[in-house]
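The exercises below are to be worked with the sequence and the 3D structure open. Try each task before reading its solution.

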Amino acid sequence: MATPQPLSDNSAGAQLASLPIINITPYLLDDRSPSTIVRRAATSAAIHNACLDFGFFYLDISAFVDPRETEELVSLAREFFALPQEEKDRIALKNEDNARGYAGLKENVTNGKADNHEGLDFYRPVENPDKRKPLWGNNQWPDDPRFKEKYENWVVKMQKLGLIVMEAMAIGLGMTPEERQELRGLVDESFWVMRAIGYPPLPDDHDGFSCGAHKDYGCLTFLYADRTPNALQVFVHPDVASGADVSGLPVEQGNEEGHWITANPIPGCVVCNIGEMWEIWTDGLYKSTLHRVVHRGSNYR
Ligand SMILES: O=C(O)CCC(=O)C(=O)O
Ligand SMILES: [Fe+2]
């Protein structure tokens, strides 16, 4: 299998501090041979270092996911976002529990500014749904029946991947088998969120970003993006980014020192980042990291 390579990056030098690429394959193998155990330990060590340095890494899942599946998911989302506004609004968040369904362009606000994206949000189904209660409604699916079927399959797959990555992380942290078991008990019935997000190009006069700087609040995020370069940016601290030329990247207004680096999509990989749950669990050893999207290209991402 070819080694994944970053797509072309025209922000000169940003690769000097690029996120590590970690292959999950050793954890997919069903054998306990010494060589597999050694490979697993190397994967876990790489994840541990990535969580210490970045809170972000590329996860090569090419042995786990057929690229035709992700292509299909992207096409289905694109087809939905290309529908007339009235049709999209038929499954608007406000028709349900204000959390599940379609959020129109600029409806989402981060740091007080409208995000230049639209989205479809799905959450783990709940018992006795009641849309008057926050988050307690039903998921609202687009009319195309393939959407629900394919996205539900994807959620199952990502939940499996989540448990695999959690196990790899637990080993990277040197947890005992009992501690690993306890951690698994915390996440094996986890609450999940699935978001499909569509970004038109950011207008020059837009006061804000495609998606403003934020940390994810959950446990793990797997982010699959189309091939558009120069959109996702990750905030790295000076000791990690030293020597990086991040010319052209705006600096976050805030009191944390550091730089934004671009995380371009890599074929066969998802971007994985840890959310604030991990920061809390590890008492701040693993930091959940600021990231944002600045998509100024000409295409719909
Ligand atoms: O679209 C992206 O690349 C990032 C989206 C994101 O950070 C999020 O939904 O939490
Ligand atoms: Fe995020």
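## Exercise 1. Backbone in a loop

Asparagine 128 is exposed, with a relative accessible area of 65%; buried means under 20% relative accessible area, exposed over 50%, and partly exposed in between (1.4 Å probe, protein chains only). This is a predicted model, in which local features need pLDDT of at least 70, side-chain atom pairs count only at pLDDT 80 or more, and totals for chains, interfaces and linings use all residues. Residues are numbered from 1 along each chain as its sequence is written, chains are lettered from A and ligands numbered from 1 in the order in which they are written, and side-chain values use heavy atoms, with hydrogens and water left out.

Task: locate asparagine 128 and give its phi.

Solution.
- Step 1. Asparagine 128 sits in the loop between β6 (118-123) and α4. Helices (H or I, at least four residues) and strands (E, at least two) are DSSP runs, numbered from the N terminus.
- Step 2. Its phi is positive, about 45 degrees, although asparagine 128 is not a glycine.
- Step 3. Most residues other than glycine have a negative phi.
- Step 4. Leucine 135 is also in the loop between β6 and α4. Its phi is positive too, at about 65 degrees, and leucine 135 is partly exposed at 31% relative accessible area.

## Exercise 2. The iron site

Task: which residues are the protein donors of the iron ion (ligand 2), and how are they spaced in sequence?

Solution.
- Step 1. Donors are N, O and S atoms within 2.8 Å of the metal (3.2 Å for Na, K and Ca); water is not among the atoms, so sites may look incomplete.
- Step 2. For the iron ion (ligand 2), the protein donors are His214 (NE2), Asp216 (OD) and His291 (NE2), at 2.1 to 2.2 Å.
- Step 3. The spacing of these donor residues is H-x1-D-x74-H.
- Step 4. Histidine 214 belongs to strand β8 (residues 211-214) and histidine 291 to strand β13 (residues 291-293), so this pair ties together parts 77 residues apart in sequence.
- Step 5. Histidine 214 is partly exposed at 23% relative accessibility, whereas histidine 291 is buried at 5%.

## Exercise 3. The surroundings of ligand 1

Task: list the shell around ligand 1, then its polar contacts by side chain.

Solution.
- Step 1. A residue is near a molecule or strand if one of its heavy atoms lies within 4 Å of it. Around ligand 1 are Arg195, Ile197, Tyr199, His214, Asp216, Leu223, Leu232, His291, Val293 and Arg301.
- Step 2. By class, the shell holds five nonpolar, two polar and three charged residues. Ala, Val, Leu, Ile, Met, Phe, Trp, Tyr, Cys and Pro count as nonpolar, Asp, Glu, Lys and Arg as charged, and the others, Gly among them, as polar.
- Step 3. A polar contact is a pair of N or O atoms within 3.5 Å; within protein, one must be able to donate a hydrogen and the other to accept it, and residues adjacent in sequence count only if both atoms are side-chain atoms. Polar side-chain atoms lie at these distances from an oxygen atom of ligand 1: tyrosine 199 at 2.6 Å, arginine 301 at 3.0 Å and histidine 214 at 3.1 Å.
- Step 4. Alone, ligand 1 exposes 300 Å², of which the protein buries 89%. These areas come from the Shrake-Rupley method with a 1.4 Å probe; for residues, only the protein chains shown count as cover.
- Step 5. The elements giving two or more residues to this shell are β7 (193-198) and β13.

## Exercise 4. Salt bridges

Task: which residues does the salt-bridge network with Lys150 join, and which parts does the bridge of arginine 78 tie together?

Solution.
- Step 1. A salt bridge is a side-chain nitrogen of Lys or Arg within 4 Å of a carboxyl oxygen of Asp or Glu. The count by this rule is 16.
- Step 2. Lysine 150 bridges to glutamate 72 at 3.9 Å, N to O. Lysine 150 is in helix α4 (residues 145-172) and glutamate 72 in helix α2 (residues 67-81), 78 residues apart.
- Step 3. Glutamate 149 also meets lysine 150 in a salt bridge of 3.9 Å, N to O. Shared partners thus join Glu72, Glu149 and Lys150 into one network.
- Step 4. Arginine 78 pairs with aspartate 226, the closest N and O atoms being 2.5 Å apart. Arginine 78 lies in helix α2 and aspartate 226 in the loop between β9 (220-223) and β10 (232-236), so the bridge ties together parts 148 residues apart in sequence.
- Step 5. Arginine 78 is partly exposed at 33% relative accessibility, and aspartate 226 is buried at 15%.
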